[in-house]
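Take a look at the chain below. Start with its overall layout, then work inward to the side chains.

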Amino acid sequence: MTEPTFATLVSRWYEQNARDLPWREPDVGAWAILVSEVMLQQTPVVRVLPAWHAWLERWPTPAALAADTPAEAIRMWGRLGYPRRAVRLRDCAVAIVDRHGGAVPERLEQLLALPGVGTYTARAVAAFAYGQRHPVVDTNVRRVVSRAVAGEPDAGPATRPSDLVACEELLPVEPAAAALASAAFMELGAVVCTARAPRCAACPVESVCAWRASGQQAPAGPTRRPQRYAGTDRQVRGLLLGVLREATGPVPHQRLDQVWHDDVQRARALAGLVRDGLVEPVGEESFRLIGDGPAAQPVG
């Protein structure tokens with residue numbers, strides 16, 4: 001009797017143990033999956049869930065978002081973090097309407113050509129929305145493959161072309177089974193084969209895991225140094241955006257000056273927001289979210 005493959009073992013485990021997440025429901029469309037993948041980048045599921053529901057309630061289609069302003073996308077993004085993702089998602093919606101009649105394209109090359117859609121996101125949408133056979137490689141998947149196949153405790157900080165090759169070699173030939181395996185690899189890395197506290201006794205591939213067989217331990221420290229937030233330009237950017245999100249018109253410079261005590265750092269953070277296409281000046285002394293309607297009298 002043929003032994004089950006690595007993908008089969010993980011897929012069987014996934015079908016019994018996968019978290020109940022709304023973007024995994026069978027009737028969820030490609031747009032909802034695309035939104036979830038963009039939101040989930042560097043952001044925990046618990047924070048994404050309410051934002052994802054609210055976003056799709058307001059903009060259930062790419063056309064709905066494309067018809068709204070970048071400013072409203074930034075407002076709706078709220079404090080989800082990395083707000084440039086909101087602008088890129090709206091740019092993506094505009095491109096979907098202009099190039100594909102409002103339907104998220106199926107072909108990988110078309111997905112890759114969309115603004116703000118990179119290697120991971122394009123493959124994730126192709127696999128999870130359209131059931132195609134593509135290696136979908138994020139940090140969790142790289143860790144699973146690195147440990148179970150290569151016998152290494154950690155995959156390193158960045159995805160390499162070899163990671164795509166290694167993952168693709170594990171996928172079943174049949175597209176639907178491959179898409180299921182891609183989701184299963186990701187889930188295994190997220191909830192069992194975690195970076196610092198792997199639950200090897202609960203792992204469906206423990207018996208064939210090269211890392212377990214080697215007897216190596218998980219690294220004691222983080223692969224990446226945790227990013228400090230307090231006192232950084234990122235914090236100041238967030239404070240400035242918070243004021244601008246709440247405003248109904250241009251905000252005078254004097255109001256923005258109140259959010260942070262360091263003039264040089266505040267000016268640098270504001271200039272960065274302008275450079276990143278999140279904020280725009282109105283006249284010489286006021287600012288607003290990008291594309292936030294015609295100039296009006298400054299508020300407050």
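What follows covers the domains, their contact, the nonpolar cores and the cysteines. The model is predicted.

The domain assignment splits the protein chain in two: domain 1 spans 6-214, and domain 2 spans 233-289. Their centres, taken over C-alpha atoms, lie 33 Å apart. Domain 1 puts 9 residues into the contact, and domain 2 puts in 11.

How much area is buried between domain 1 and domain 2? The figure is about 910 Å², with carbon and sulfur atoms giving 59% of it. On the domain 1 side, Ile74, Arg75 and Arg84 lose the most area to domain 2. Together they make up 53% of what that side buries. Arg84 also forms a salt bridge with Asp276, with the closest N and O atoms 3.7 Å apart. The count between the two domains is 1 salt bridge.

Now turn to the largest nonpolar core, which has 36 residues. Trp31, Leu34, Met39, Trp55 and Leu89 touch the most other members. Seven helices, α2 to α8, each supply at least two residues of this core. Helix α2 (30-39) gives the most, with 8 residues. Beyond its neighbours within four places in sequence, Leu89 contacts Trp31, Leu34, Val35, Val38, Trp55, Leu65 and Trp77. A second, separate core holds 32 residues, including Val10, Trp13, Ala127 and Leu170.

Last, the cysteines. A search of the whole structure finds 0 disulfides. Why is Cys193 unbonded? The closest cysteine sulfur, in Cys203, is 6.2 Å from the sulfur of Cys193, so the gap is too far for a bond. Cys193 counts as buried because its relative accessibility is 11%. Cys92, at 1%, counts as buried too.

Technical notes
Residues are numbered from 1 along each chain as its sequence is written. This is a predicted model: local features need pLDDT of at least 70, side-chain atom pairs count only at pLDDT 80 or more; totals for chains, interfaces and linings use all residues. Side-chain values use heavy atoms; hydrogens and water are left out. A disulfide is a pair of cysteine sulfur atoms within 2.5 Å. Buried means under 20% relative accessible area, exposed over 50%, partly exposed in between (1.4 Å probe, protein chains only). A nonpolar core is a set of buried Ala, Val, Leu, Ile, Met, Phe, Trp, Tyr and Cys residues joined through side-chain atoms within 4.5 Å. Helices (H or I, at least four residues) and strands (E, at least two) are DSSP runs, numbered from the N terminus. Contact means heavy atoms within 4.5 Å. Domain bounds come from an automatic or database domain assignment. Buried area is the accessible area (1.4 Å probe) that two parts lose on being put together, summed over both. A salt bridge is a side-chain nitrogen of Lys or Arg within 4 Å of a carboxyl oxygen of Asp or Glu.
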